[in-house]
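Here are a few exercises to work through with the model open beside you. Try each one yourself before you read the solution.

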Amino acid sequence: MIWILLVCSFLLSLFIAFLFILNKKNLNIWIVSYIKQLFRKEEKAEGPVHLMFCFVDHFEPQWNSPKSIDIERVRVDRWLNDYPLVAGKHKDADGNYPQHTFFYPIEEYRKEHLDKIQSLCEMGYGEIEVHLHHHDDTPENLRQTIEGFKSVLVEDHNSLSFDPDGNVGFAFIHGNWALDNSHPEGMHCGINDELKILNELGCYVDMTLPSAPGPTQTSTINSIYMAHDDLEKPKSHDKGDIVKVGKELDGDLMIVQGPLSLDWKNRKKKILPTIENSDIRDSFPPSEDRVDLWVDQKIHVKGRPEWVFIKIHTHGTQDDSIDTLLGEPVDKMFSYLEAKYNDGESYVLHYVNAREVYNIIKAARDGKSGNPNDYRDYWYKMRAGSK
């Protein structure tokens, strides 16, 4: 009798702990989708699986500093000097270095910083895209802000890309994760029709998600989809139409999510799983188990399961994380990717930037197959001399 009471007490404690975490970590937003994913029927890939590995950076030189130009310079110079030492040792199946997409905050613009980052990009280490923190904004101001920054990036830094008609395009990450006014308290945005406005300004893909364990996380996880903007309501990207081979890209904005799951190998107090949200930082460094978990999410265009997309993210100028990002942990991550996921038979590894991710997704949608390396410049291209 006593042992039955003990077991019941233990199970009750587990249930209470689970409910606590469910609420504290906002698991209630996406746990149903996660459970459904566990039981979904997977598409079978034929031939080797091509892994598109994309590293996006909320690159904020002014992070937690009193806008000290000296502190900012130290942070940016670390990237300028040390990233080639790490990434220069690694190449994918196509001979490309690991690609780092620097999503630079509009409100932190300093020409000298972007000049340095652009020099890294010209050496073949990545590209620059658009990042924005804003609060209680208006549609008119958002349009002016992004249009102005686009002009600066194109004219002063030879950045951003162009579609076949010569229109400037860009990838986007929303500061504080609050895309389309998605914070439940209405903070860090203020614009319910943000998806539509971004589309009209030339944004071809958003790479904000995942934002778990934050409250702006969507119920849709591990997906590539087209979001439809409800102009009167926030968080219109909570759901959308999954991008499929042969299906028109109908919607206001493509959402490309990074891996999100529960990590049962890394359990809190050896009982409850932690949240794997594809974030890289000093307190959450990359590991072989994490890489495997990213691959296991199998994020792909429906109908093209042999092309898998892994988008991880970081905040590259946070002082505590710089040694992780520019040192041994990330170096070993690249080595593991190249050793396990680039044998040419089971896996082929491609280091890609945000623009190339979109181009390869669009190529898949258009029915293209084979080697995705052929489609890095499928739609949006950089100007000659920008790399």
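Let's sort out some vocabulary: Ala, Val, Leu, Ile, Met, Phe, Trp, Tyr, Cys and Pro count as nonpolar, Asp, Glu, Lys and Arg as charged, and the others, Gly among them, as polar. Keep in mind that this is a predicted model.

**Exercise 1: the largest pocket**

Describe the largest pocket: its space, its lining and the elements that supply the lining.

Solution.
- Step 1. Start with the space: the largest pocket holds about 820 Å³.
- Step 2. Next, the lining: 33 residues line this pocket, and R40, I221, N222, S223 and I242 lie nearest its centre.
- Step 3. Now find the elements that give two or more residues to the lining: they are α2 (31-38), β1 (49-58), β7 (224-227) and α7 (288-296). The biggest share comes from α2, which gives 4 residues.
- Step 4. Finally, sort the lining with the vocabulary above: you get 15 nonpolar, 9 polar and 9 charged residues.

**Exercise 2: a helix and its ends**

Work out whether helix α10 is enclosed or open, and look at what sits at each end.

Solution.
- Step 1. Find the helix: α10 covers residues 354-365, which is 12 residues.
- Step 2. Check its reach: from first C-alpha to last it spans 17 Å, close to the 16 Å expected at 1.5 Å a residue.
- Step 3. Use the cut-off: a residue is buried when its relative accessible area is under 20%. In α10, 12 of the 12 residues are buried, so the helix is largely enclosed by the rest of the structure. Charged residues are among them, including R355, E356 and K362.
- Step 4. Look at the N-terminal end: N353 caps it, with a side-chain oxygen 3.2 Å from the backbone nitrogen of R355.
- Step 5. Look past the other end: G367 follows α10 and has a positive phi, near 90 degrees.

**Exercise 3: a histidine in a strand**

Is H174 buried or exposed, and which polar partners does its side chain have?

Solution.
- Step 1. Place the residue: H174 belongs to strand β5, residues 168-174.
- Step 2. Apply the cut-off again: with a relative accessible area of 0%, H174 is buried.
- Step 3. Look for polar partners: the H174 side chain makes a polar contact with the side chain of H134 at 2.9 Å. A polar atom of the H174 side chain also lies 3.4 Å from the backbone oxygen of A178.
- Step 4. Add the wider surroundings: leaving out residues up to four places away in sequence, H174 touches several others, including H131, H188, C189 and D206.

**Exercise 4: unusual backbone spots**

Which residues are joined by cis peptide bonds, and which non-glycine residues have a positive phi?

Solution.
- Step 1. Check omega: a cis peptide bond joins L209 and P210, with omega about 10 degrees. Another joins A212 and P213, with omega about 10 degrees.
- Step 2. Place the prolines: P210 is in the loop between β6 (203-206) and β7, and P213 is found in the loop between β6 and β7 too.
- Step 3. Now check phi: N176 has a positive value of about 60 degrees, and K235 has a positive value of about 55 degrees.
- Step 4. Place these two: N176 lies in the loop between β5 and α6 (194-201), while K235 lies in the loop between β7 and β8 (241-242).
- Step 5. Compare their exposure: N176 is partly exposed at 34% relative accessible area, whereas K235 is buried at 18%.

Methods. Residues are numbered from 1 along each chain as its sequence is written. This is a predicted model: local features need pLDDT of at least 70, side-chain atom pairs count only at pLDDT 80 or more; totals for chains, interfaces and linings use all residues. Side-chain values use heavy atoms; hydrogens and water are left out. The expected span of a helix is 1.5 Å times one less than its number of residues. Buried means under 20% relative accessible area, exposed over 50%, partly exposed in between (1.4 Å probe, protein chains only). A polar contact is a pair of N or O atoms within 3.5 Å; within protein, one must be able to donate a hydrogen and the other to accept it, and residues adjacent in sequence count only if both atoms are side-chain atoms. On a 1 Å grid over the protein atoms alone, a cavity is a set of points where a 1.4 Å probe fits but cannot get out, and a pocket is an open set with protein on both sides within 12 Å along at least five of seven lines; lining residues have an atom within 4 Å of a point. Grid points are joined across faces, edges and corners, and a volume is the space filled by probe spheres set on the points. Contact means heavy atoms within 4.5 Å.
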